[in-house]
Amino acid sequence: MSRRKPSGDFWKVIVHLMIGVIFLSGTACVFRICQVYVERNLAFPTRPPKVTLVDRPAWMSDFLADQIMKTAEPIGLHSAYDRQLLIDTASALRSNPWIRQVNQVRRVYDQGPADTLELDCDYRAPVALVPWDDYYCLVDGQGIRLPEQYSADELPKIIFGPDGKVNVRIVQGAVDAPPEEGRRWIGDDLAAGLELARLLAGKDFAEQIRLIDVTNYGGRVNSSEAQIVLVTQFNTQIRWGRPPSAQDGFVEVPASTKLDALEAIFTQTGRVDANQPWIDVRFDRVTCPATNAPTADASK
């Protein structure tokens, strides 16, 4: 019995298969060449990426920004596809007391592929300086102790921003010792001072207020005197009284009324202290040593 010779269709199939194999092999070779090029020239840069901050807050100094960016600087070279680098950077940032929350860490294109490491974070803004022993500690609005501490002669450059306005105020009289950096500073007296510092922030008349004294918090020194006293740049006093959120509102006028009185006094006299050694804003009528000095009626 004679064998049948392969038909023309069969050879066509074989030829097509061979062409397909050659095409696929060529495609694989081209892909590999491109992959090696990307890994050597693009995905694996010749130097570490530079670090930048997204939406850097206005209060942040160049020195502090550099400190935060150094926290995130990669050691050695990393592929553009190195996801572990992003994870490690985010972890390092979370351990920095200045960082309240890490939103995103990503590699972006600036002058070249993945040559920039971009940090998107929420920061703890300093609100007050709290004296302890011979130095002053920075804290944020929630009482978290920040890394920096200063001597008395360094205070002017910290209290005032580049525009000459007050950045932070001193909260004096806290009795509990400071915690480690990044921890909350306990104490109702400090919390009351910080609450008032937040309340004064951004108000024109408060530019003349430098210090919040909580020494007599809760009337622990003298129950008949103001629990909180504000000290001005003129070294005069504003007898504020109870913490802004105190529940016994029937004892003193509300915090909003006190603020209105201070604003009225500042508008009338150009000074938040009415140009007096002290003023008392705790009650319906503001009092001061000179009975004929301009004061505001807190009940209006």
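Two strands count as paired if DSSP finds at least two bridges between them. That rule is needed at the second stop of this tour. The model on screen is predicted.

**The whole chain**

Begin with the whole protein chain in cartoon view. Its secondary structure comes to six helices and 11 strands. Of its 300 residues, 41% count as buried. Take the contacts in the chain with a separation of 6 or more: residues 24 or more positions apart account for 51% of them.

**Strand β8 and its partners**

Select residues 209–213, which form strand β8. How many of its five residues are buried? Four are, and the strand is mostly covered.

Now add residues 228–232, strand β9. β8 and β9 run antiparallel, and four bridges join them, so the pair passes the rule of at least two bridges. To see one of the bridges, pick Leu211, whose partner in β9 is Val231.

Next add residues 169–172, strand β7. β7 and β8 run parallel and are joined by three bridges. Here Gln172 stands opposite Asp213 of β8. Then follow the chain from β7 to β8: the path goes through helix α5, residues 188–200, and this β-α-β crossover is left-handed.

**Leu200 in helix α5**

Stay with helix α5 and select Leu200, which is found in it. Is Leu200 buried or exposed? Leu200 counts as buried because its relative accessibility is 0%, and the cut-off for buried is under 20%.

Show the side chains around Leu200. Leaving aside neighbours within four places in sequence, Leu200 is in contact with Arg169, Phe205, Ala206, Ile209, Ile212, Leu230 and Leu259. Leu259 is worth a distance label: Leu200 and Leu259 are 59 residues apart in sequence, but their C-alpha atoms are 8.4 Å apart in space.

**The nonpolar cores**

In soluble globular proteins, nonpolar side chains tend to be buried together. In this model the largest nonpolar core has 34 residues. Which residues have the most contacts inside it? Select Leu200, Ile212, Leu230, Trp240 and Ile279 to see them. The elements that give two or more residues to this core are β4 (126–132), β5 (135–140), α5, β8, β9, β10 (237–241) and α6 (255–269). Helix α5 gives the largest share, six residues.

Another core lies apart from this one and has 31 residues. To find it, select Trp98, Tyr136, Leu155 and Val231, which are among its members. Val231 has already appeared on this tour, as the bridge partner of Leu211.

**The largest pocket**

Switch to a surface view. The largest pocket has a volume of about 790 Å³, and 33 residues line it. Which of them lie nearest its centre? Select Trp59, Pro126, Ile158, Asn167 and Val168. The elements that each supply at least two residues of the lining are α2 (62–72), β4, β6 (145–150), α4 (155–159) and α5.

**Four loop residues**

Go back to the cartoon and pick Asn216, in the loop between β8 and β9. Asn216 counts as buried because its relative accessibility is 9%. Apart from neighbours within four places in sequence, its contacts are Val221, Asn222, Glu225, Ala226 and Gln227. Asn216 and Arg242 are 26 residues apart along the chain, with 9.9 Å between their C-alpha atoms.

Move to Arg184, in the loop between β7 and α5. At 49% relative accessibility, Arg184 counts as partly exposed, because exposed means over 50%. Arg184 is in contact with Gln142, Gly143, Ile144 and Pro179, leaving aside neighbours within four places in sequence. Label Arg145 as well: its C-alpha is 6.1 Å from that of Arg184, although the two are 39 residues apart in sequence.

Then select Asp55, in the loop between β1 (50–53) and α2. Asp55 is not a glycine, yet its phi is positive, about 50 degrees. Its relative accessibility is 67%, so Asp55 counts as exposed.

End at Asn235, in the loop between β9 and β10. What is the phi of Asn235? It is near 60 degrees, a positive value in a residue other than glycine. Asn235 counts as exposed because its relative accessibility is 66%.

Terms used:
Residues numbered from 1 in each chain as written. Predicted model: local features only at pLDDT ≥ 70, side-chain atom pairs only at ≥ 80, totals over all residues. Heavy atoms only, no water. Buried < 20%, exposed > 50% of the residue type's maximum accessible area, 1.4 Å probe, protein only. Right-handed = clockwise from strand over helix to strand, strands pointing away. Contact = heavy atoms within 4.5 Å. Core = buried A, V, L, I, M, F, W, Y, C linked by side-chain atoms within 4.5 Å. 1 Å grid on protein atoms, 1.4 Å probe; cavity = no way out; pocket = protein on both sides within 12 Å on 5 of 7 lines; lining within 4 Å. Points joined across faces, edges and corners; volume = space filled by probe spheres on them.
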